[in-house]
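Visitor: I am new to this structure and would like a close look at one part of it, the aromatic rings and how they pair. Please take me through them slowly, and then show me some of the surroundings.

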Amino acid sequence: MIFHNAIKLLCDRTWSWASFAGLAYRLGYCTNESKAVLFLCSIVYLLLGVLGIIEMVIRVILGLCAFLCINLVTWALLLVLGFITRLTIPIFRIVDRKMRVEQHCPYCYTEIHLPYHKCPYCGEIHKNLVPGRCGIFVAKCSCGHFIPCSALSHRSKLAGVCPKCERDLATSNAKQFFIQIIGGNSSGKTAFSAAFQHQYLSFTQGKIKYRVSGEPQSDFEALEDMYNNGTTEPSSISEISTYNYAHMRRGIAIHNLIFYDTPDEVLLSDEYEKSPLSFGYTDGIIIIIDPLSVDSVRNTCISISGDNSISGFSTDDCETIVVEFINKFSEIVGRSAKKMSDIPVAVLITKCDVKNIKSSIGIPKIKAQFRMAPENYSNDLSVARDTICKEFLKDIGLSNIVNNLDSVFSDICYFPVSSIGHLPEAGVAYEPFGVIDPVAWIAKKRRAAIYPTLKHVQEVINSGNSAE
């Protein structure tokens, strides 16, 4: 650039007045009728020309010296910065490692400390995007764009990929809170997921410090369609369905609430190679009990309300489901027979909109019985709810479920729930009640960071019910 400008200056002869060459150039075009004046001008012109040549030589020497000095200083500065960078890379890597959050892939269950990251511009997958020689805070992708390569520069904004199965992750560095959903076929697991996602996503938008979104989006859209259409679609009989609620703040994923919907076939049959290894790092368990699966309860409901009132009940034996779950859970987590688990278990008694069941464990019934003798329940409505639900299960012949769970888990709570809120009817949207409460209880027990959000949704729903 320097030599280019110098050649351009010489060719254009746009010399400055403040130079000997510039004065000589302009004096050379001076005209006058007097020969004496022209003679004097020629003498001055020669003198200025000589001085201009000397001036140009001096400027070249000074320019080259300045150019060399600036380059030496720049080179020395870059050398120092490079040396400092090499010294600080281990420090930044340690900080980066400390800021990583341990995750588990919801598909292959691999423990992940640093996922692969996908370039948002070209989709290239970077397998070890950490502070290094190519950058402490940002690194250059092969497409030419700079992307964050450190937790300090919000690398978690990039899409994550599992290093083992290479499937896309909902988030790349967020704390995960896992809940297992266990139940028989047609017990209401899918309906529960549809009702929960609708209420949770509806009552968190714009009202809390997080923006909550569901991943995979297609699965959540399917759940929302079920909710609005008043129907349910059977889930996979061999694949564990995963529903991920990503809690975002300023475009960064902070927390994940993840549901694993485990098919009854995975628990009851040894044909499927994919065991629910997610039991090994679960934070809470939801067991769904369909009372209509008990012949006596179903027959009573039919005799009271008629044949049309009963449909879509579970044909699995509830006790078998619970026993098989306990066996697989104990095997995967390595629980000894004498050691109880402190993982909170919420037992959901579903389809409480059915008249006969509602009259036994419905919220109005529980509140009425509590008001009659609050001292019998330690003056706590939740204790009354828990006690009445347990007694109901024993009365309908499911006392073994209560006993088996009590022998394995130290923290169990029972909830009356209706995910649909009415008899299934195409075209009639869900009117759920009680679906947020068990998840909020589990989060509170585990002191999860997402508990305030669940509590907010719970309060909004309860205030709406009170107003009605």
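Guide: What follows begins with the whole chain, turns to the aromatic rings, and then moves on to a few loops and a pair of helices.

The model is a predicted one, and its protein chain has a secondary structure of 14 helices and 15 strands. Of the 468 residues in the protein chain, 43% count as buried. If one takes the contacts in the protein chain with a separation of 6 or more, 69% of them are between residues that stand 24 or more positions apart.

Now to the rings. A pair of aromatic rings is described by how far apart the centres are and by the angle between the planes. Counted by the rule of ring centres within 6.5 Å, there are 21 aromatic pairs. One of them is formed by Tyr109 and Tyr260, whose ring centres are 6.1 Å apart and whose planes stand at 70°; because an angle over 60 degrees counts as edge-to-face, this pair is edge-to-face. The pair links distant parts of the chain, since Tyr109 belongs to the loop between strand S1 (103-104) and strand S2 (111-112), while Tyr260 belongs to strand S12 (residues 252-262), and the two are 151 residues apart. Tyr109 has a relative accessibility of 8% and therefore counts as buried, the cut-off being under 20%. Tyr260 is likewise buried, with a relative accessible area of 0%.

A further edge-to-face pair is made by Phe279 and Phe325, with 5.4 Å from centre to centre and 85° between the planes. Phe279 is placed in the loop between helix H6 (264-268) and strand S13 (284-289), and Phe325 in helix H8 (residues 318-333), so this pair ties together parts that lie 46 residues apart in sequence. Phe279 and Phe325 are both buried.

Elsewhere, ring pairs join several residues into a cluster, whose members are Phe192, Phe196, Tyr200, Phe220, Tyr243, Tyr245 and Phe259. A ring can also have a charge over it, as with Tyr107: the charged end of Arg167 sits over this ring, 3.8 Å from its centre.

For the surroundings, Thr190 is a useful place to begin, and it lies in helix H4 (residues 189-202). Thr190 has a relative accessible area of 11% and is therefore buried. Setting aside neighbours within four places in sequence, Thr190 is in contact with Leu223, Met226, Glu233, Ser235 and Asp261.

The loop between strand S9 (175-183) and H4 holds Ser186, a residue other than glycine whose phi is positive, near 60°. Most residues other than glycine have a negative phi. The relative accessibility of Ser186 is 46%, so this residue counts as partly exposed. Ser186 is also one of the residues touched by Phe313, which, with residues up to four places away in sequence not counted, touches Asp290, Leu292, Arg298 and Lys351 as well.

Phe313 itself has its place in the loop between helix H7 (295-305) and H8, and with 28% relative accessibility it counts as partly exposed. Between the C-alpha atoms of Phe313 and Val294, which are 19 residues apart along the chain, the separation is 9.4 Å.

Two more details of the backbone deserve a pause. The peptide bond that runs from Glu215 to Pro216 is cis, with omega near 0°, whereas most peptide bonds are trans. Pro216 is in the loop between strand S10 (211-215) and helix H5 (217-229). Asn379, in the loop between H10 and H11, is a residue other than glycine with a positive phi, near 55°, and its relative accessible area of 58% means that Asn379 is exposed.

That loop leads to the helices on either side of it. Helix H10 (residues 363-372) and helix H11 (residues 381-395) pack at an angle of about 115°, their axes being 9 Å apart, and H10 passes H11 in a right-handed crossing. On the side of H10 the contact is made by Ile366, Lys367, Gln369 and Phe370, and on the side of H11 by Leu381, Ala384, Arg385 and Ile388. Sorted by class, the residues in this contact of H10 with H11 are five nonpolar, one polar and two charged.

Note on methods:
Residues are numbered from 1 along each chain as its sequence is written. This is a predicted model: local features need pLDDT of at least 70, side-chain atom pairs count only at pLDDT 80 or more; totals for chains, interfaces and linings use all residues. Side-chain values use heavy atoms; hydrogens and water are left out. Axes are lines fitted to C-alpha atoms, for helices over the stretch in contact, and angles run from 0 to 180 degrees between N-to-C directions. Helices (H or I, at least four residues) and strands (E, at least two) are DSSP runs, numbered from the N terminus. A crossing is left-handed if the near helix is turned anticlockwise from the far one by less than a right angle, and right-handed if clockwise. Contact means heavy atoms within 4.5 Å. Ala, Val, Leu, Ile, Met, Phe, Trp, Tyr, Cys and Pro count as nonpolar, Asp, Glu, Lys and Arg as charged, and the others, Gly among them, as polar. Rings of Phe, Tyr and Trp (its six-membered ring) pair if their centres lie within 6.5 Å; planes under 30 degrees apart count as stacked, over 60 as edge-to-face and the rest as tilted. Buried means under 20% relative accessible area, exposed over 50%, partly exposed in between (1.4 Å probe, protein chains only). A charge sits over a ring if NZ of Lys or CZ of Arg is within 6 Å of the ring centre and within 35 degrees of the ring normal.
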